[in-house]
Amino acid sequence: MKIEQNYSLLSHNTFGLPVKTRWFMEYDTEEELQKILRDEYFQECLSLHIGSGSNLLFLNDYDGIILHSNIKGITITNENEREVSLRIGAAEQWDDVVAFAVQQGYGGIENLSYIPGEAGAAAVQNIGAYGMEIAEVVRSVETYNQITFEKRIFTCDECEYSYRNSYFKNEHNDPHIVTYLNLLLSKEPEYRLDYGNLRQELAGETEINLKKIREAVIRIRQQKLPEPRELGNAGSFFTNPMVENEHYERLKVTYPDIPSYPLPDGRRKIPAGWLIEQCGFKGKTHGAVGVYEKQALVLVNLGGATGDEIALVAESIRTGVAELFGIELIPEVKYIV
Ligand code: EPU
C-alpha cells in the first residue's frame with residue numbers, strides 16, 4: 001500500500017492541473033482496500049476514489065483522501081469455442097485491455113480503442129464510442145460497499161447502464177468501489193462499422209479484422225482529439241443532450257442541417273459539439289483555456305489554466321447553447337470541489 005501526504009495530483013488528472021491532495025492512498029489488493037475502508041480516520045475524512053483522472057475537473061486542492069486502486073491483471077476465467085470471459089483488475093489501463101482482446105481475437109470492445117482511463121472507471125462511466133458501449137459486454141462488476149464494507153457483485157442488469165451512466169454514478173445509491181470487472185467477449189465477432197466515418201476509414205482495406213478496426217479507430221481519435229500528454233483535456237466535456245422530437249423538429253426549421261440520432265424512446269440525441277460550434281465557441285480561447293479547434297466538445301488547458309477558469313468557460317458555453325437552442329448541456333466531466 002502507498003500512503004502519501006500533501007501529494008501532487010498533476011499526473012492523476014488529464015487536464016494537467018497542479019492541484020494537491022491532503023492524503024493519497026493506493027491499495028494493491030481487496031484486503032488492503034477493506035482495511036482502509038474500516039479505518040476510523042478514513043471514515044471521518046472527505047474521500048474520493050479516482051481512476052486515472054481522465055474525467056475530473058479539480059477546482060481546488062483536495063482537502064481529504066484520494067483513493068486509487070493498483071489492482072491489476074487480465075485473467076481468462078472461462079471460455080468455449082464462441083466466447084471468452086475475462087476478469088480485469090480495475091487499475092488496468094482500459095486501452096491495454098482492448099489491445100489484449102484484439103490481439104487474442106476477442107471481439108466486442110475494439111471500437112472502444114484508445115479511450116484514456118482505467119478499466120474500473122470505464123465500467124462506472126459506461127464508456128462508449130463509434131457505436132459501442134462497454135455495457136454491451138459487461139457480465140458483472142465486483143465492488144466493495146464504502147459504508148457496509150461488504151463485497152457485492154453486480155450483474156450487468158444491476159449496473160443499470162444507460163448512456164454514459166450507471167448505478168455507480170447515482171449519488172442516491174450507496175457508494176461502491178469497483179475492484180474487478182468481468183467481460184464476456186466473442187470469438188466470432190460481428191463488426192460494428194456504421195458509426196460516423198469508421199467504414200470510410202476502412203475503405204482501402206481488402207480484409208477487415210479486429211486489428212484493422214482498432215487501428216482505424218485510433219487514427220480517427222488521433223485526428224480529432226488532443227493527446228492529454230500534449231494538451232491537457234478530459235475528452236468530451238459535456239454529454240450529448242437528448243431532446244423531445246418536437247423540440248428537434250422546431251430546431252430543424254431554422255437549422256435544416258442539424259445532426260441527430262433517433263433514440264428508441266422517440267427522442268433525439270444531438271451532438272453537443274455541433275451546438276457549441278454553432279454558438280461560435282469552436283477554436284476560441286479565453287486566457288489559458290481553449291475550445292479545441294478540431295472538436296468543440298473538448299476543452300483544453302493551453303498551459304497554466306486553473307480548474308475555476310475551465311469551469312467558467314464551460315459555464316459560458318452552457319449559457320450560450322441554452323440561449324440559442326433552449327438546450328441544457330450537462331457536463332460529463334465531474335467537478336471536484
Ligand atoms: N460536430 C460538430 N462540430 C464539432 C464536433 C462535432 O459539428 O466540433 C458534430 C458533427 O456533426 C459530427 C457529430 O457532431 O458528425 C459527432 O461528432 P463525433 O463523432 O466527434 O462524436 P461526439 O458525439 O462529439 C461522442 C462521444 C465521444 C466519442 C465519439 C465517437 C459523448 C459525450 N462523446 O462524441 O466520446 O469518442 O462520440 O463515438 O458521447 C468522450 O466521452 O470523452 C469521448 C471522446
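In this predicted model, a polar side-chain atom of Asn 240 is placed 2.8 Å from an oxygen atom of the ligand. On its own the ligand has 810 Å² of accessible area, and the protein covers 82% of this. Arg 164 also approaches through its side chain, where an N or O atom is 2.5 Å from an oxygen atom of the ligand. For Tyr 130 the approach is made by the backbone, with an N or O atom 2.6 Å from a ligand oxygen atom.

The surroundings of the ligand comprise 24 residues, and those that come nearest are Tyr 130, Tyr 163, Arg 164, Asn 240 and Glu 277. By residue class, this shell consists of 12 nonpolar, six polar and six charged residues. At least two residues of the shell come from each of helix H6 (210-224), strand S13 (232-236) and helix H8 (272-278). Helix H8 gives the most to the shell, with three residues.

A separate analysis concerned pockets in the protein. Empty space left between atoms can be found by rolling a probe the size of a water molecule over them. The second largest pocket holds about 210 Å³ of space. It is lined by 13 residues, of which Gly 107, Gly 108, Val 137, Ser 186 and Arg 192 are the closest to the pocket centre. Strand S12, spanning residues 176-186, gives the most to this lining, with three residues. The lining of the second largest pocket is made up of five nonpolar, three polar and five charged residues.

Definitions and conventions: Residues numbered from 1 in each chain as written. Predicted model: local features only at pLDDT ≥ 70, side-chain atom pairs only at ≥ 80, totals over all residues. Heavy atoms only, no water. 1 Å grid on protein atoms, 1.4 Å probe; cavity = no way out; pocket = protein on both sides within 12 Å on 5 of 7 lines; lining within 4 Å. Points joined across faces, edges and corners; volume = space filled by probe spheres on them. Helix = DSSP H or I, 4+ residues; strand = E, 2+ residues; numbered from the N terminus. Nonpolar A, V, L, I, M, F, W, Y, C, P; charged D, E, K, R; others polar. Near = heavy atom within 4 Å. Polar contact = N/O pair within 3.5 Å; in protein donor to acceptor, adjacent residues only side chain to side chain. Areas by Shrake-Rupley, 256 points an atom, 1.4 Å probe, with all protein chains shown as cover.
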